[in-house]
Amino acid sequence: MQVAAQTPEIATSSSAGYRWARDAVGVTLILAAGLAGYWLFPDNLALLTRVIAVALLVLSIDLVTGYGGVATLGQAALFGAGAYAAGIACVNGVTEPLTLILIGAVAGAVAGLFMGTIMLRAHGLAQLVLSIAIVQLFHEAANKASAYTGGSDGLAGLMVSPLFGAFEFDLWGRTAYLFGLALLIVVFASLRFIVSSPFGMLCRGIKEDPVRIRAMGAFVFPVLLKMFVISGAVAGIGGALAAISTQVVGLDSVSFELSANALVMLVLGGLGTLYGALVGTVIFMGFEHVVSAINPFHWMTMVGALLIGVVLAAPGGLSGLLDRMSGISRRRKEKRT
Amino acid sequence: MQTALSIAIDAFAYGMALFIICIGLSLTMGLMRVVNLAHGAFAMIAGYIASYAARDLGLGYAVAIFLAIIGTIVISIPLERLLYRRIYGSPELTQVLMTIGITFCVIGITNYFFGPTLKTIPLPGSLTQPVDVGFRTIAGHRLFVVACGLVVAGGLWFLIERTSFGIKLRATVDNAAMADALGVRTQVVYAISFAIAIGLAALGGVVGAEFLPIEPYYALRYMVTFLVVVSVGGAGSILGAVVACLLLGAVDTTGRYLMPEFGNFFFYAAVIAIVCVFPRGFFGRAQ
Amino acid sequence: MSELFRVEGLTKSFGGLAVSRNISLAMQEGDRIALIGPNGAGKTTFVNLVTGQLQPSAGQVVLNGEDVTRLGAVQRVRRGLVRTFQVTRLFSDMTPEEHVTLTVLQREGRATRILSRFHGNSEVAGEVETILSTLGLLEVARRRVREIAYGQQRLLEIGIALALRPKVLLLDEPAAGVPSSETPRIEHALERLPKTLAVLMIEHDMDLVFRFARRVAVLAAGEIIFQGLPSEVAANEKVREAYLGNYAHARSVA
């Protein structure tokens, strides 16, 4: 299950130093873009924080789909698990933000373990259907357990303590945004590290040809399950961040719609390159904000057309397109020299 | 006892309505190997056409159904030519993305033209009357849906098992290259099967509108239900689709009557259990 | 020399059709056996039975004195029973260096580690380089696999297998699809396989078989009909019949 393997990082050079340098530049660029957002859109910090939370969800899909080759339309189950765990902990008196993030990560990881155990039993279409059924099951469970989750009214009234005891989560969302940005940077850097570890390479191998990986003497199931757990932790951090920054957890955080939208963002940006996940999220949510304010149905038409276009014209997503373009220009340069 | 009976009748009629829609999807998925998540979008288009014909133009119910089926198939032909043909044989994820894209476009465009309101399809007097079946009376519409479902099941079985088109279709499914070499025009077979599948979606969308109301997000709201039904029954199997629709229709309806606060919890729990035990559905073809 | 590997009475039926019948074969350290047979003789089924992709209906597979019949494919690889694929199965976006590195790390149980870097891993770099240079793949070590010649991809298949330090190696048509200009490189690589390794090669190219094998086994209709020296194969009546079928009869009648 894959649209196209996009793996520019091994294309040319494989010296370790080069890779470090490139990751450092990448992370610096994300930081710069994040800070630019802070200065440029001081009135939209709540939206930008939401973008970061969803970006974490999209990154988590990239791990299982882009690197592990397991397509999922139910990833919001893990996001929601993190959001509700953090929310419930907060209402019950655990208000320290870093602890809440940790709780979200653990809850997401446990949910990921559950989801992976079920999904990895099947293949292809059945797997996809299982992912949908699981997110719907979580949704119904969250709805039913209204004593803990607030049901369809949502879980409101989260009072989070100041970060490090010093920085209040203010009305303009400045603290929340900067906190989210810092989280994103840390998670992203860790994920770059993970996908370029032996484990990450093994996952990419499994995505392309599990039979070959078995013939190399490696079991496929435990490796993918591990990826599900990591992915769950990342999604859970996203969910916890959403809960902390909005101080509300709604049923929409465990929905099929959110899962599908996040997958669309990933495909738009490009599978299997963590950068694509970020690019896709920012572009998708930016346009959504502008267009759906005018008419939500125009927005749907646009996303639909975009998806069809990506499938037909740019299977690697935007980052794949960029990569192809840079590949062409590089080859031209090589020819000239 | 009365409650049990009305649950049973409702569940049966609901299951049949689901069947008429889903069997088309089962055909596309099982025979043509395309995960067409936009299947519900075609049912929705048909619902809009029928509603427009019956409510706004004042045409009869039968005419509205006929127009809806023809209109939907006509709309689907260019889509099959331009879009679906590119994804025959592609990985599932590609098919899923493309057909979700089509669904979004259909929702956006229909609502742009028809406005974001619930569309009703007025039933003719003969179907709103209760019908006396001896031991009790049943709403005429329920009987009509059940009859439609039985006719569709029988007709499809006959088409696939007893006609020369059915033979070509099965040959194409088993080995498209070989069928092609034997002179079967596989492209034509695909196009006709696709049109039949869409026509069934259209029929189901209109006659099932009492159970699955035609509204702006219809295509998205029931996308999962249809996909789940087909996966549980086993793609490509008529019998499987019947069993899955009746079973899931029963689980769903009973749940709504007896434990409304649980919503679809048991429905999805049942789905997970079934798919885990039968990854190809009850009657799926081995691949 | 001690016996390293043995299959005994291996039988596999699909439905009522037996595709492997009562196959028995044993190998010692350093053995070089070629398994030949006409198309449809059941060679692929045999490989799948031996490597664990298929479960036999009857019979057993013994590796190094241990019955591995009920073990899965992965467990057999870990015990030293390694195969290559008839049609290369490589990761098109990875480089040969990455393939071999991944395999060596996996052999050492370090391929599932998260907290270490894959590239620039100096501990395995030496071994990876040795393997690649033995096969003459050093100059393409950092090119993507899809950009290198098919013959080089075939060599990489062998390289991956060697990186697992096998005891028994099954080569499934190592020269299949390789242009004849590149076959000498494959042959060269085969000659330099470790001396203690037991190799079972399935091959159609009879020149290669005669140069490589010290023993030949002939599979026809799911049965081993001949085992012996390469020089005796051509003269064997059963083999002639299996390959030439009715033509042989026609001539004997005439």
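Me: How many residues does helix H6 of chain B have, and what does the helix reach from its first C-alpha to its last?
Reply: This is a predicted model, in which local features need pLDDT of at least 70, side-chain atom pairs count only at pLDDT 80 or more, and totals for chains, interfaces and linings use all residues. Residues are numbered from 1 along each chain as its sequence is written, while chains are lettered from A and ligands numbered from 1 in the order in which they are written. Helices (H or I, at least four residues) and strands (E, at least two) are DSSP runs, numbered from the N terminus. Helix H6 of chain B, residues 140–162, is close to the 33 Å expected at 1.5 Å a residue (1.5 Å times one less than its number of residues), with 23 residues and a reach of 32 Å.

Me: Which residues of H6(B) are buried?
Reply: A residue is buried if 20 or more other C-beta atoms, placed from the backbone, lie within 10 Å of its own. In H6(B) the buried residues are His141(B), Arg142(B), Phe144(B), Val145(B), Cys148(B), Gly149(B) and Val152(B).

Me: Which element gives the largest share of the side of chain A that touches chain B?
Reply: Contact here requires C-beta atoms, placed from the backbone, within 7 Å, and 36 residues of chain A are in contact with 38 residues of chain B. Helices H5 (124–144), H11 (256–269) and H13 (296–313) of chain A each give two or more residues to that side. The largest share, 15 residues, comes from H5(A).

Me: Which residue in S2(C) does Leu10(C) stand opposite?
Reply: Strands S1 (residues 3–14) and S2 (residues 17–28) of chain C pair in the antiparallel sense over eight bridges, where pairing needs at least two bridges found by DSSP. Opposite Leu10(C) in S2(C) stands Ile23(C).

Technical notes: Two residues are in contact if their C-beta atoms, placed from the backbone, lie within 7 Å. A residue is buried if 20 or more other C-beta atoms lie within 10 Å of its own, exposed if 12 or fewer, and partly exposed in between; C-beta atoms are placed from the backbone.
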